[in-house]
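Please brief me on the cores and helix packing of this structure.

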Amino acid sequence: LVEVLAGVVVITSKEAVQHQGISLTMEGLVNLQLSSKSVGVFEAFYNSVKPIQLISSNIEVAKPGKVPGGKTEIPFEFPLQAKGNKMLYETYHGVFVNIQYTLRCDMRRPLLAKDLSKTCEFMLHCQPQKSKVQPTPVDFTITPETLQNVKERTSLPKFVIRGHLDATNCVITQPLTGELVVESSEVAIKSIELQLVRVETCGCAEGYARDATEIQNIQIAEGDVCHGLPIPIYMVFPRLFTCPTLETTNFKVEFEVNVVIVLHDDHLITENFPLKLCRV
Amino acid sequence: MASVQWHARVRKYGAELQRCRLDAVPVDLGDYHPLKPITVTDSRSRRGGRKGSTSSSSSSSSSVAPDPLSSMLEGTDPLSLFAAASASETPTLSHSSSSVELGRKRRENEEEVGADFEPWSAKRGEILARFTTTEKLSINLFMGSDKNKASSPSSAVSEKVRTRLEELDDLEEGSQRELLNLSQQDYVNRIEELNQSLKEAWSSDQKVKALKIVIQCSKLLSDTSVIQFYPSKFVLITDILDTFGRLVYERIWSMCSDPRPIPDSFSVEDVNDTAKETCLNWFFKIASIRELIPRLYVEAAILKCNRFLNKTGIQETLPRLTAMIRGIGDPLVAVYARAYLCRVGMEVAPHLKDSLNKNFFDLLASFRQIHGDTVQNQLVIQRVEIPVYLTLYSPAIHWILQCVAYRAPDVLLTEMMERCKKLGNNALLLNSVMWAFRPEFVAARATDFIGMIKDCDEAGFPKHLLFGSLGRSLACADPPESERLPILNEAWKVITKVRSPQDYINCAEIWVEFTCRHFTKREVNTVLADIIKHMTPDRAFEDAYPQLQSVMKKILTYFHNFSVLFSMEKFLPFLDMFQKDSVRVEVCKSIMEVFIKHQQEPTRDPVILNALLHVCKTMHDSVNALTVEDEKRSLALLINGFIRMVSFGRDFEQQLSFCVEARATFCNLEPVIIQLIHTVNQLAMETRRVMGGSHSRKTAAFVRACAAYSFITIPSLTSIFSRLHLYLLSGQVALANQCLSQADAFLKAAVSVLPEVPRTISVEGKQRSSEAFLLDFINSFLSTLLVVPDHPEQGVLYLVRGLLNMVQDYTWEDNSDAKVRVYISALPLLAAMSQESYLYTIPKVDSNETLYGGDPKFVAEISRLCETLIGQVLDHLKTLGREEGVRRQGSLAFSLFSTLLAHGDLRNNKLNQLAVNLWNLSHKNGHCDTRTSVRTLEHIKQQAQQPELSHLSDMLLRLSLQSRA
C-alpha cells in the first residue's frame with residue numbers, strides 16, 4: 001500500500017506563455033549537522049554530514065509548448081515510495097537533524113526569459129506504528145536525598161515532592177499528562193516547569209555526536225503553590241518540532257522531559273524522564 | 001360715511017335656545033354604549049328610535065362581533081408570531097454579518113442562563129469604582145522577546161516557520177517597554193490603548209502581534225504589586241481578553257461561512273478543514289505559551305472556539321483549566337483566575353456545573369494559602385492590613401459563588417455551607433455565601449448565620465461587612481416569623497458597636513430595610529435613635545449623606561401613613577441631620593413625593609400639618625436668586641400638592657387661617673401663592689354651597705374675608721396675566737357671593753392693571769407677543785361684565801367705559817387690529833345689555849336689567865356707545881384701505897358684518913345699508929374665504945325663514961358672492 005502525493009500545478013497568466021517543458025521534482029532529505037560543541041568549529045563547518053536522500057523523483061507534466069492565457073491546472077500524482085532500502089521518516093525540524101520533504105515545480109523558458117521555479121514543503125506523518133501503546137506510568141519522589149550531582153547536600157532546604165507521569169511512551173497527538181504534589185518545602189517555591197528536550201544523535205565515521213536542546217518550556221506552577229494539592233502536569237507536543245522517536249543507523253531523534261522546580265532561593269531541581277513518542 | 005345709528009336686535013334667548021337645541025333622544029342605557037362589546041342582533045328594526053344618535057352598529061347579523069383586535073390575530077400576538085417564524089427560518093436566512101449572529105447567540109446564551117442571573121457587566125463598574133489606588137502603577141511589556149518558540153532557527157527550518165520567527169523579532173523589536181510611575185488613570189488609559197492596538201493589529205491581519213498583546217496583558221495579572229488595585233486591573237484586562245476571544249471566534253466562524261453561513265447551532269461536521277486547521281493552530285500556539293497565567297487566561301478566552309473542533313472540547317477543557325489554576329501560588333491571583341474561568345464557563349456552557357463546583361472546592365482546598373507566610377510577607381511590604389486585603393477577594397468569591405449557586409438545589413448549597421463552616425477563619429467565605437446564595441436560602445437560616453458570624457475571628461474580615469451582607473439578603477427574603485426579633489436584636493447589638501461612623505452607617509443603612517419591613521414604628525424609632533447617636537458626634541453625618549438619604553428612602557417606602565411616620569419621635573431629629581442645603585431639600589422633596597403619591601384623604605391632623613409645613617418651608621427656603629426655573633416649578637408642584645391635601649372640613653375659618661399662614665411661609669413661590677388664592681376662592685364657593693346660596697351674617701363676613709385675602713394677595717404676583725385672571729376669577733367669586741363692592745374692586749383693579757401688560761411676554765422661554773393672550777382675557781372679562789351691576793355712585797356702564805378707555809389708551813403694537821377687534825367684540829356685550837332680560841344672571845345679584853328695567857335712557861346710552869365704537873372701527877377700515885392692509889381690511893369688515901348680522905337690528909335701513917357695504921368691502925379685494933361667505937349666506941337664508949327676521953331675505957338679494965378673479 002503506497003500513498004500518493006497528488007495535486008495540481010496551477011499556471012495563471014494574462015496571455016499565452018511559451019515554455020520548454022514543465023517538470024516537478026519531489027525530494028525528501030535528512031540534513032544532519034554536527035554541533036560545534038561536539039567537534040571543532042571548522043570541522044563542524046566542513047564535515048557536516050552528507051544529506052541523506054530518502055525519496056526523489058522527477059516527472060514532466062508538460063512537454064515544450066504553449067500554455068494558453070488564463071488559469072491552467074495540470075493534475076499530477078507521485079507515489080510515495082522510498083528509495084532503495086530506505087524508509088520514509090516523519091517530517092521533523094530540529095537543530096542538528098532536519099527531515100524535510102519538498103516539491104519543486106520548474107518551468108523552463110526559451111532564451112531571454114528566466115526559468116520559473118516554485119518550491120513548497122509538504123508534511124509527512126508516519127503510518128501508525130503500533131496498534132496500541134501500553135501506558136507505562138512513572139511515579140516519582142523528589143527529595144534532597146534523591147538528587148544527584150549535588151555539591152553540598154547539607155545546604156539544601158528540605159522538601160518532598162511527589163508525582164507521577166501517566167505514561168512515558170506517549171502518543172504524539174496526545175498531551176503528556178500527570179500530577180505533581182508539593183508535600184512540603186522549607187523554602188517557598190518560585191516556579192515549576194516542564195522542559196521538553198530533544199536529544200539528537202548524529203553518527204559518522206569519526207564517531208557520533210549527541211546533543212540535547214530545549215524545544216519548549218511550559219510553566220505549570222507559579223509562586224508558592226498550595227502544599228498537598230495535586231497540580232496537573234500537562235503539555236501538548238508541538239507540531240513540526242516533535243516526531244515519533246527515531247532510531248536509524250546514521251542518526252537518532254529522542255525526547256526527554258525535565259520537571260524543573262525553582263525555589264525562591266534560586267535552587268534549581270531537575271528530574272529527567274526519557275520519553276518515547278509514537279503515533280497510533 | 002355718516003354716523004351710524006345703532007339698534008340692537010331684540011333677542012328672546014329662551015326661544016332661541018329652544019330652537020337650537022337638538023331633539024332630545026332618550027338613550028336606552030341597556031342598548032348602546034361605546035365601551036360595551038357590540039352585540040348587534042338586528043339593527044334595522046330599531047333604527048327609527050335611534051335617529052340622531054351615533055351608532056356604530058352595522059347591519060351585520062352576526063350575534064356577537066368578536067373584539068376586533070383579537071380577531072385579527074387568531075390567538076397569537078404578531079410579535080411572537082414573527083419571532084417564531086424567524087426562528088424556524090434561521091438556517092435558511094442569510095447572515096450578513098457575523099457580529100449580528102454573535103449578538104443573537106449571546107442573547108440566547110443568556111436566555112439559557114436566565115434573566116435572574118446578575119451578569120458580569122453589572123459587577124464591572126462596581127469593582128472599578130470600589131478598588132482604586134493612589135499609588136503608582138507600572139506596566140511591563142516584553143514585546144518580541146517571546147521565548148515560547150524554538151530557540152535557534154537552523155538553516156533547514158521551513159519558510160513558514162522562519163517568517164513567523166522573523167515576525168517575532170521584528171515587531172517592536174525587542175521592545176521591553178516598562179512604564180513606571182503611572183497614576184491609576186494613566187494605567188486605565190494605557191490598558192485601553194492596548195485594547196485599541198489589539199483591535200488594530202487584528203484588523204490589519206497582524207494576528208501574531210494581536211496574540212502577543214493579549215499574552216502580555218494577561219501576564220500583568222500575575223503581578224500583585226499595588227494589591228489594592230488588583231480587582232480593577234482584573235476587570236480591565238479581562239475586557240481585553242474578551243475582545244480577543246470574540247475576534248478569534250468571529251474570524252473562524254466567518255471562515256466556515258464560505259460559501260454560505262453556517263447555522264447558529266452548527267455542529268463539528270459543518271466546519272470546513274481550513275477553519276478547523278486555523279482553530280487548531282490557535283490552540284497549539286496557545287499551548288506553547290511559556291508562562292502559566294497567560295496560557296491559562298488566553299486559553300480560557302478562546303474556550304468557545306472548541307466548538308469548531310469537537311463536541312466534547314469544552315467539557316474536557318473546563319476541568320483541565322480548573323485543575324491548572326492549582327498551579328497558581330498567589331491565592332488572590334488564583335481566585336480571580338477562577339472567577340474568570342467561571343465567567344467564561346457560564347457564558348459558553350452554563351450547563352457544565354461540575355467544573356464550577358470543582359472550582360469552588362479547589363478554592364476551599366487552597367483557602368489556607370491566604371493566611372500563609374508568603375502572603376503575610378507581601379502585605380507587610382505593601383503595608384496593607386488584613387481586613388483590607390481580605391475584602392479584595394470579595395468580588396471574585398462572590399462571582400464564583402453566584403455561578404455555583406445559580407439554580408442549584410438546596411442540598412448542594414447546604415453542602416457548600418457545611419464545607420465553609422469547617423474551615424477556620426471563614427468570614428470571607430461566609431460573606432460571599434450570604435451575598436451569592438439565594439436570599440431565601442440565607443433568610444431561612446439567618447439565625448445560624450448570626451451564630452457563625454459571631455464565631456468569626458475578630459482580626460480578620462470586618463464583621464460589619466458580614467452583617468451588611470446578611471442584612472442585604474434579609475432585605476429581599478423573609479426569615480421565619482419567630483426569629484425576626486431575635487435576629488434584629490443580635491444584629492443590632494453588633495452594629496451599634498461599630499466604631500467608625502462610615503462603617504456603621506453603611507451597615508445600619510442595610511438593616512433599616514429589614515426593620516421597616518417587619519417591624520412597627522417603635523423599632524424603627526429605636527433604630528433611628530441609634531443612628532442619630534452614632535452620626536451626631538463630630539458631625540459624622542456630613543460624610544454619610546448618601547447613606548442617610550437611603551435610610552430615609554427605605555423608611556418612606558414602608559411607611560405611607562404620615563401620622564404614624566411623624567409620630568416617631570426621632571423622625572424629625574433624623575431629618576435635622578441633613579444639614580447640607582442641597583441634600584436637605586432633596587430629602588424634603590422625596591418626603592413630599594411620597595406624601596402626594598400615597599395620601600388619599602385630605603387631612604387636618606395637626607402633627608402631619610406641622611411637620612409637613614416644616615418640610616415644605618425647608619424646600620421653599622432653599623429658593624434663592626440662583627434657583628433655576630425648573631427647580632422652582634418642581635418645588636412649587638410639591639407644595640401645591642400638600643396644600644391641596646389640607647382640609648379642615650367644615651371649619652372654614654381654620655382653613656382660611658391656614659392659607660394665611662401658608663402665604664406668609666411660601667411667599668417666594670408664585671405658583672404656590674396662586675394655588676392659595678384658588679384655594680381661598682374655592683373656600684368661598686364651598687361656603688356658598690353649604691349655605692345654599694344665601695349667606696348668614698357670619699358667612700357673609702367670612703366670604704368677604706376670603707375676598708379680602710385674594711385682593712391683598714394678588715398684587716404680590718409678578719406675572720401680569722396671572723394677576724389679571726385671578727382678579728377676574730376672584731371678582732366672579734365675589735359676585736357669586738353677593739359681595740358687590742368687592743367684586744367691583746376686583747374688576748376695577750383688573751382694568752387698572754391692563755395698561756401694564758407688556759407687549760411681549762416670555763412663554764416657555766421664548767418671547768411671544770402678548771396680544772393674543774390679552775384679547776382672550778378682554779373677551780372673557782367682557783362676558784363677565786354683563787352681570788356686574790353698575791356702581792350706584794358712578795356713571796352708567798362705568799366699568800365697560802373704563803375698560804374701553806383703557807383699550808383706547810393702551811399702546812398696541814403698530815399695525816395691529818387688536819384694538820378694533822376689542823371694539824367689535826364689545827358690541828355683542830352691549831347688545832346683550834340692552835335686552836329686556838339678560839342671557840344669564842347671578843342668583844341673588846341684581847344686574848343692570850333689574851336696576852334699569854330697560855330704561856330707554858339706558859338703552860340710548862348703550863346705543864350711543866355702540867355708535868362711537870362702530871365709528872372707530874369704520875375709521876380704522878378707511879386707514880387700512882389706503883395702505884397695504886387690504887387683506888386685514890377685508891377680514892375686519894367681515895367680522896363687523898357678522899356682528900351686525902347677529903346683534904344689530906337690520907330692519908333699520910341705515911344699519912342694513914352699512915351691513916351690505918361691509919359685505920361688499922370685505923369681498924372687494926378678493927381676500928375673503930369663499931367657503932365662509934357661502935356658509936354665511938346659507939345661515940342668513942335659514943335665519944330669514946323666521947317670521948321676525950324675514951327682512952333678511954331682502955338683504956340677501958343684495959349680497960353678492962364675488963367670483964374669484
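The notes below cover the nonpolar cores, one buried helix face and one helix pair.

This is a predicted model, where local features need pLDDT of at least 70, side-chain atom pairs count only at pLDDT 80 or more, and totals for chains, interfaces and linings use all residues. Residues are numbered from 1 along each chain as its sequence is written, chains are lettered from A in the order in which they are written, and side-chain values use heavy atoms, with hydrogens and water left out.

**Nonpolar cores**
- The largest nonpolar core (buried Ala, Val, Leu, Ile, Met, Phe, Trp, Tyr and Cys joined through side-chain atoms within 4.5 Å) has 311 residues. Buried means under 20% relative accessible area (1.4 Å probe, protein chains only).
- Helix H9 (residues 230-256) of chain B gives the largest share of this core, 15 residues. Helices are DSSP runs of H or I, at least four residues, numbered from the N terminus.
- Trp511(B) and Ile531(B) are among the residues with the most contacts inside this core.
- Trp511(B) touches (heavy atoms within 4.5 Å) residues including Phe467(B), Leu488(B) and Trp492(B).
- A second, separate core of 73 residues includes Val30(A) and Phe78(A).

**Helix H25(B)**
- Its buried residues include Val524(B), Leu528(B) and Ile531(B).
- The buried residues of H25(B) pack against H23, H24, H26 and H28 of chain B.

**Helices H29(B) and H30(B)**
- They pack at about 135 degrees, axes 9 Å apart. Axes are lines fitted to C-alpha atoms over the stretch in contact, with angles from 0 to 180 degrees between N-to-C directions.
- The contact includes Phe595(B) of H29(B) and Leu612(B) of H30(B).

Key: Buried < 20%, exposed > 50% of the residue type's maximum accessible area, 1.4 Å probe, protein only. Helix = DSSP H or I, 4+ residues; strand = E, 2+ residues; numbered from the N terminus. Lists of a residue's contacts leave out its neighbours within four places in sequence.
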